[in-house]
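Biologist: Hey, can you pull up that model and walk me through it?
Modeller: Sure, here it comes.

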Amino acid sequence: MYVDGKVANFALLFRNLCRTIWKKGDRLLRRHRVIQVGCGSRGRQWAQVLFEHPEVEVVAFVDTDPEKLADFAVKYPDIQQYELLTDALLRESADFAVLVTPPQVHKEQCLELFDANLDILAEKPLALNIEDAVEIVSTAQNKNRKLSLSLNFRFLPVSQSYRKWISSETLGSPSFSLYHYGVHRGGYGKGGNRYPLTLKDAMILDQSIHHFDLMRYCFDSEIEAVTARSWNPSWSVYQSDSVVSTIFHMENGMNAVYLGSWTSGWDKQCVTWRTDCSEGVLIMRQIHSDLVYARRTDTDLTPIPLEDAVPYIDDSKILLDRFLNARLDEGPLECDGVDHLLTLAASLACIEARDQRREVLMSDYYRENGLLKLFEDRLK
Ligand SMILES: NC(=O)c1ccc[n+]([C@@H]2O[C@H](COP(=O)([O-])OP(=O)(O)OC[C@H]3O[C@@H](n4cnc5c(N)ncnc54)[C@H](O)[C@@H]3O)[C@@H](O)[C@H]2O)c1
């Protein structure tokens with residue numbers, strides 16, 4: 001009996017020792033301490049991505065809305081919570097922040113985070129005007145802080161394949177492209193965000209900006225000139241125009257026509273992205289999936305096999321991985337501030353083109369907005 005007790009005590013001690021070592025080891029492996037700012041709909045996805053990364057330790061959540069924090073407390077009871085970023089920065093020690101707040105507050109928060117010497121992985125758009133975005137990017141450069149933008153869709157298998165098929169010229173030389181994104185996005189869905197309902201040009205700056213970024217990425221070219229129109233159908237729930245059409249002429253000769261809508265005649269999301277090349281067509285038939293091709297004389301389309309991936313999660317995991325490697329100087333910083341500025345500039349140039357009813361040359365836009373110096377290494 002006595003011997004059994006001793007064995008049991010020893011087993012308990014041994015188990016606790018193992019647990020302590022495991023916890024300490026796990027903690028040592030978690031080399032990047034993060035504060036997540038914003039716990040809304042995209043914030044829920046980011047929290048999952050951060051918690052599933054073995055090298056990340058989430059030290060705090062920040063959100064001005066106590067209800068959002070209460071929801072997070074149920075799922076993540078051990079994590080500190082703050083309603084004000086300032087308080088989190090005063091009390092917590094962190095290496096970087098994931099910024100998942102609406103774009104209206106990005107500048108103020110980025111500057112505060114850089115002041116506290118944190119790197120930032122921020123949601124797009126970085127800001128709603130070029131001056132604010134440039135100030136954020138320049139501050140990151142001056143303070144030698146890492147700034148990456150959440151251009152996550154680049155890392156989906158479908159985007160990677162699209163880019164490869166175009167750059168390898170498997171279907172010949174690409175010439176023109178048609179991107180259609182349509183959905184009736186009611187704007188009041190459960191758990192969904194509300195700020196786009198009233199934000200000026202939310203369709204272009206919050207949604208189409210992703211599609212414009214994919215065009216830059218998959219066609220591997222900067223945009224040379226833009227024209228644009230936008231309008232708001234009678235049944236729209238948005239204050240600002242929720243349908244946008246643009247034409248991009250790209251520096252490598254590609255021409256891309258785009259129609260994006262949050263106020264479609266059908267709730268179901270429909271997306272087609274077709275690129276015509278000298279020897280065939282490449283078509284993405286659904287958002288984030290269903291890639292097919294046909295050679296010029298084919299009678300049918302042929303599916304292109306793609307790896308499985310959960311959009312918003314698996315793509316963000318890759319982005320996070322790259323960001324963390326860059327923090328440790330073990331890889332290049334991808335989707336950095338300047339890269340994002342090039343897409344944001346094209347989006348804002350669309351607004352200028354629409355307002356002034358003219359084609360905007362991006363070289364003029366860069367010059368007039370003092371961007372040439374920032375872009376000198378990126379423009380070929
Ligand atoms: N990359 C993507 O795939 C993707 C997808 C969806 C949204 N987004 C982006 O993510 C960002 C957030 O969008 P969302 O859909 O989560 O919006 P949301 O409204 O659902 O969430 C934003 C959260 O930020 C909080 N907040 C607002 N001001 C704050 C402040 N000053 N300090 C702290 N918290 C504050 C709000 O209370 C809210 O909980 C936007 O920039 C959006 O464009 C990106």
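Biologist: How much area do domain 1 and domain 2 bury between them?
Modeller: About 1,400 Å², with 72% of it on carbon and sulfur atoms. Buried area here is the accessible area (1.4 Å probe) that two parts lose on being put together, summed over both. In domain 1, K124, L128 and I130 lose the most area to domain 2, together 39% of what that side buries.

Biologist: Where do the domains run, and is this a predicted model or not?
Modeller: It's a predicted model, where local features need pLDDT of at least 70, side-chain atom pairs count only at pLDDT 80 or more, and totals for chains, interfaces and linings use all residues. Residues are numbered from 1 along each chain as its sequence is written, and side-chain values use heavy atoms, with hydrogens and water left out. Domain 1 is 31-145 and domain 2 is 153-308 + 337-375, with bounds from an automatic or database domain assignment.

Biologist: How many residues of domain 1 are in contact with domain 2?
Modeller: 17, and they meet 20 residues of domain 2; contact means heavy atoms within 4.5 Å. The C-alpha centres of the two domains lie 27 Å apart.

Biologist: OK, the ligand. Where does it lie?
Modeller: Both domains give residues to the shell around the ligand, so it lies between them. There are 26 residues around it, and D63, K124, N152, N193 and D206 come nearest. A residue is near if one of its heavy atoms lies within 4 Å.

Biologist: Which helix gives the most to that shell?
Modeller: α2, with 3 residues. Helices (H or I, at least four residues) and strands (E, at least two) are DSSP runs, numbered from the N terminus.

Biologist: What polar contacts does the ligand have?
Modeller: For the ligand, a polar contact is a pair of N or O atoms within 3.5 Å. Polar side-chain atoms of D63 and K68 lie 2.6 Å and 3.2 Å from an oxygen atom of the ligand. Taken alone the ligand exposes 850 Å², and the protein buries 88% of that; the areas come from the Shrake-Rupley method with a 1.4 Å probe.

Biologist: New topic: which residues does the cis peptide bond join?
Modeller: K124 and P125, with omega about -20°. P125 sits in the loop between β5 (119-122) and α6 (130-142).

Biologist: And what's the phi of D329?
Modeller: About 55°, so positive, although D329 is not a glycine. Most residues other than glycine have a negative phi, and most peptide bonds are trans. D329 is in the loop between α9 (314-327) and α10 (337-356).

Methods:
Polar contact = N/O pair within 3.5 Å; in protein donor to acceptor, adjacent residues only side chain to side chain.
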